[in-house]
Amino acid sequence: MKIRRYTDIEVEGLGAKIRQARKADGRSVEILAGEAEMSRSYWHDIEAERIRDALPEDTLRKIERVLGVDLGAKFDD
């Protein structure tokens with residue numbers, strides 16, 4: 001039997017960290033968003049921290065993967 005646990009954590013300034021890493025990367029939002037399998041507008045919403053509830057962890061990990069960075073979001077397990 002599977003049991004699912006949902007845990008939210010607060011990461012201050014995450015949108016700004018993503019924006020800074022994107023600018024350092026040099027590729028366009030269109031390219032990065034495509035590689036992360038999301039729309040350009042969703043990427044911008046994430047950077048502006050205009051996400052309704054919480055950013056899914058798998059989305060954050062895709063962003064980290066395409067940017068080649070660790071944004072420091074750690075869950076206590």
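Buried residues have under 20% relative accessible area, exposed ones over 50%, and partly exposed ones fall in between (1.4 Å probe, protein chains only). By that cut-off, 29% of the 77 residues in the chain are buried.

The model is predicted: local features need pLDDT of at least 70, side-chain atom pairs count only at pLDDT 80 or more, and totals for chains, interfaces and linings use all residues. Residues are numbered from 1 along each chain as its sequence is written, and side-chain values use heavy atoms, with hydrogens and water left out.

**The chain overall**

The chain holds four helices and zero strands. The order from the N terminus is α-α-α-α. Helices (H or I, at least four residues) and strands (E, at least two) are DSSP runs, numbered from the N terminus. The C-alpha trace spans about 45 × 25 × 25 Å along its principal axes. Accessible surface comes to about 5,700 Å², and 47% of it belongs to carbon and sulfur atoms. These areas come from the Shrake-Rupley method with a 1.4 Å probe; for residues, only the protein chains shown count as cover.

Contact means heavy atoms within 4.5 Å. Among contacts between residues at least 6 apart in sequence, 54% join residues at least 24 apart.

**Four glutamates**

| Residue | Place | Relative accessible area |
|---|---|---|
| Glu37 | loop between H2 (29–35) and H3 | 60% |
| Glu47 | helix H3 (residues 40–47) | 4% |
| Glu49 | loop between H3 and H4 | 48% |
| Glu64 | helix H4 (residues 57–67) | 9% |

Glu47 is buried. Its side chain makes a polar contact with the side chain of Trp43 at 2.8 Å. A polar contact is a pair of N or O atoms within 3.5 Å; within protein, one must be able to donate a hydrogen and the other to accept it, and residues adjacent in sequence count only if both atoms are side-chain atoms. Leaving out residues up to four places away in sequence, Glu47 touches Gly15, Ala16, Ile18, Arg19 and Arg22.

Glu64 also counts as buried. Its side chain reaches the backbone nitrogen of Leu71 at 2.8 Å. Beyond its neighbours within four places in sequence, Glu64 contacts Val69, Asp70, Leu71 and Gly72.

The two loop residues carry another feature. Most residues other than glycine have a negative phi. Glu37 has a positive phi, near 60 degrees, and is exposed. Glu49 has a positive phi of about 55 degrees and is partly exposed.
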